[in-house]
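Work through the exercises below with the sequence and the structure side by side, and try each task before reading its solution.

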Amino acid sequence: MRKIPVLGALLLTACVTINIYFPAAAAEKAADEIIKDIQGITPQKTEPKPKASLTDWQMTAFKLLDSALNVVVSPAQAEEANLNIDSPAIRQLRATMESRFAALRPFYAAGFIGIQADGFLAVRDAASVPLKDRNQVNKLVAAENADRNSLYQAIANANGHPEWATQIKSTFAARWVSNAQAGWWYQSSGSWKQK
Amino acid sequence: MIRTILAVVLVLSSLTATALDDVSLNVGTIESRGWKLEGIQIALTDLANNPQKLTLTINKLSLPLPFNDLNLINIHCSSFTWQNNELLCTQGRAHVRSKRWQSPAANFSFHIREKHSTLKLTDLQLADGTVSIDAEERGKQWQVQINAKAVDSALIQKLFQPAIFELKGGRISFKLNASGSHALIEDFTLTAELNGLTVQTKDGRFAAEALSLDTRVEAQNNKGLWQWQSHSRFNGGALYIEPFYLEADRQSIGLDAQGNWSDKNKRAEIKSASYKHATALALSGSAIVKYEKKVTLEKADLTLHSDDLQKLSALYLKPFFEQTALEGLTFAGTINADFSIIQDSLTALTATVNKFAIRDTAERIRVENGVGTIYWSNDEIFNRPSTFAWRQLQLYALPIGPSRLLFLSRASSFRLLEKTHLPFLGGEIAINLLGWQAKKQQDPEIYFAGSLNNISLEQWSKALNWTPLSGTISGNIPRVEYSNKTLSLGGEINIKVFDGDIKITQLASSGLFTDFPKFYSDMEINNLDLDQLTGKFKFGGITGKLSGFVRQLYMENWHPVTFFAWLGTPDDDDSRHRISQKAVKNIASIGGGGASDILSRSFLSIFETFGYDKIGLGCYLHDGVCQLMGVEARPQGYAIITGGGLPRIEVIGYNPRVDWNVLMERLKRISASDEVIIK
């Protein structure tokens, strides 16, 4: 029997699979960008420094190999998939959420609200919220959650894959927690923890 | 009849062999119509003395319904009589036991007879307070009076577990008079005084902090239909009843109501109710509430009066405005309103407002000194006209002078009934047609037709804090309609301004009434007089004409996202073309070029104005970047001004791509600087 070269097999499978699945890494990047923007955190741009350990001939060899691979694997497919996060609906939701964040912030800090495991906000203990703030906290949380849901769907729609909304939601769920500021509460394994 | 289960054991005892001191009798159990006395022992003591003492000890006394949860134990009656069909204890001590409550020994007396029994307990200790109970049974009838004083609510909490309420502090005093027959309560009067009560439900939707409240409820049961009256005064502390938050300030909040209630029909009829919150709100009327699966306001006719709409809106409207487009709005003035509700929906409203004001933290609208009467009904054929007049109206930064509207409001629509002239910035806005139709979960439908007459651009630019403009603006706006999220024009909008005209076509918009409106338009600009346009402009004076266009303008939230615009000297313009030195310098700085440096260093700086042949600048905005173009291409850029006459000047832009925000900043800087320094 004729053997298919291992490299060839890898290349063939790579061709088929790259763009079919949900671009998880790109979604994470997009989620971070959106969340940081909403929460007014300016991301610090760090330039990746090239490794200096490769000698010139090694670099040349890698470049040649890279061009050879590109002949088989279309560059368009090999390119890192990006998620489009620019549509009127997304811009609108981001603008609303950004302006709401100023009102939410003190309640995050006071621990009245927290991020649930599904990425939605919850009033952690309704009874602990001062009476005069209680209605506002409830309304803020409800409005924010509705917008988060709409945002996930809007991103999915903007990328021509409305069915991605659930995956976008779960990607965001982790990123909301990751981007939470120190002292904020989040839910993990069913219990509330403070960051 | 008193049934005695006699396990009578007579015990005679003597401390000494010579005298008989005590005689005791173990009776066992006595039962009479729900009353049950167990472990009865009657003793005749001090036989040597006269009179001898008859004492009774009972292990347990159980009471008939509805007091069957309450037992008295370790009863010791030091003054006791037992005659035929009659037991009397006038002085006793007993411990109270119920499922939830154990009291230390309290004073106790009872009188059990064939047809009339009484029980009295005083100085019962309950949750750091005292309770007395006075119960009487006559035939089938009974009555009870419970008087509790300064009971600690936090301790009460421990007795009622699990509870839907969480009581954290405060004292409760109450008096309950109730009477009935068998297990049926026929009437009761409850007077309660809550002092500094802090309580909330587990879900936090109802809560009180340091609440002081006096309340009295009277109710009579008429074959299952309860007739009731209640009076409540909220005197201190804070109350949260979702979504309202109320604080009792100096003037208290009161609720008086009366009506009937049938648990069988799951229906409460409030025949009259009156709620008064100082000057903020007086609400009275009648209502029918059903609560079968959910609570439904079946019918209500209410009258509302407020001498302080500001307070009313802050307390009772703001909670509903949170996180909606109405957030930030407050009202002031006075209001008298009558309204009807059927099946949870408003069906009719009449409201008269005086000294009415609307203020908005987002400064979208401001009304001062409004007066009018608004009639509204959900009936599609309702036709009673409403009026509303104001002294001052401001939409965003634009003030509209005093005027009056005559309109019809019914169901979800609004229609102006007569042509209206609104004084606006020295001129007027004439409204020939105006209509509004609200749509469920959609943008409303709106139509408008009117004209602008002699509106002062100087006042306009001042109001919007723009660079001062001069001249007036007039124009005809044919029918503009906004429906299905689309703004459409029945013709063109023609505006006469700066001696020229601007034609607006292809007007479209979506989400016009959201906080993220999108707006599309094309514009044609013809022969604007630059002298008028730049007359009061800090930009610097220019004479000549200006024509051009803005095509495919797309704005989001009133910020341009894309467009292709050109403004320049028309080809057939034969007017005088002069441009001031300041304007040259400013135009040069738009492109970020170095023309101004050349100018300031050159001999040309001695001239005040220059002749020019053509002036023109275009911008194709895309992705936040403005691709600039000028009148003519030049080897390294584009000419914004080409020279004509003497002294001749040419301004060349070298920077074809400018960030839109940077461009706006430059324009702002130009319009903000009054002086141009030429060295």
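**Exercise 1. Describe the order in which helices and strands follow one another in chain A.**

Solution. Reading this predicted model from the N terminus, one meets the elements of chain A in the order α-α-α-α-α-β-β-α-α-β-β. Counting by type, chain A has seven helices and four strands. As for how the chain folds back on itself, among contacts between residues at least 6 apart in sequence, 69% join residues at least 24 apart. Of the 195 residues of chain A, 26% count as buried.

**Exercise 2. Work out the order in which the four strands of chain A lie in their sheet, and say which strands are at the edges.**

Solution. Begin with the order across the sheet, which is β2-β1-β3-β4 in chain A; the sheet is open and its pairing is mixed. Next, look for strands that pair on one side only: these are β2 (121-123) and β4 (191-194) of chain A, the edge strands. From one strand to the next, the twist averages 40°. Then take one pair in detail: β3 (residues 185-188) of chain A and β4(A) run in the antiparallel sense and are joined over four bridges, and A:Y186 stands opposite A:K193 in β4(A). Finally, consider what covers part of the sheet: α6(A) lies across β1 (113-115) and β2 of chain A, and its direction makes an angle of about 160° with β2(A).

**Exercise 3. Decide how α6(A) and α7(A) are oriented to each other, and name the residues through which they touch.**

Solution. The axes of α6(A) and α7 (residues 165-178) of chain A come within 8 Å and cross at roughly 125°. An angle between 115 and 145 degrees falls outside the parallel, perpendicular and antiparallel ranges, and α6(A) and α7(A) are therefore oblique to each other. The crossing of these two helices, α6(A) and α7(A), is right-handed. On the side of α6(A) the contact is made by A:Y152, A:Q153, A:I155 and A:A156, and on the side of α7(A) by A:A165, A:I168, A:K169 and A:F172. Sorted by class, this contact of α6(A) with α7(A) has six nonpolar residues, one polar and one charged.

**Exercise 4. Repeat the analysis for α2(A) and α7(A): what is their crossing angle, and which residues make the contact?**

Solution. The axes of α2 (residues 24-38) of chain A and α7(A) come within 9 Å, and they cross at roughly 50°. With that angle, α2(A) and α7(A) are therefore oblique to each other, and their crossing is right-handed. From α2(A) the contact draws on A:A24, A:A27, A:E28, A:A31, A:D32 and A:I35, while α7(A) contributes A:I168, A:T171, A:F172, A:R175 and A:W176. These residues of the contact of α2(A) with α7(A) divide into seven nonpolar, one polar and three charged. Comparing the lists shows that A:I168 and A:F172 of α7(A) take part in the contact with α6(A) and also in the contact with α2(A).

**Exercise 5. Find which helix of chain A gives the most residues to the side that touches chain B.**

Solution. Start from the whole interface, where 16 residues of chain A are in contact with 19 residues of chain B. On the side of chain A that touches chain B, α5 (88-110) and α6 (131-158) of chain A each supply at least two residues. The helix that gives the most is α6(A), with eight residues. By class, the residues on this side of chain A are eight nonpolar, four polar and four charged.

Conventions
Residues numbered from 1 in each chain as written. Chains lettered and ligands numbered in written order. Predicted model: local features only at pLDDT ≥ 70, side-chain atom pairs only at ≥ 80, totals over all residues. Contact = placed C-beta atoms within 7 Å. Nonpolar A, V, L, I, M, F, W, Y, C, P; charged D, E, K, R; others polar. Axes fitted to C-alpha atoms, helices over the stretch in contact; angles between N-to-C directions. Parallel < 35°, antiparallel > 145°, perpendicular 65-115°, else oblique. Left-handed = near helix turned anticlockwise from the far one by under 90°. Buried ≥ 20, exposed ≤ 12 C-beta atoms within 10 Å, placed from the backbone. Pairing = 2+ DSSP bridges.
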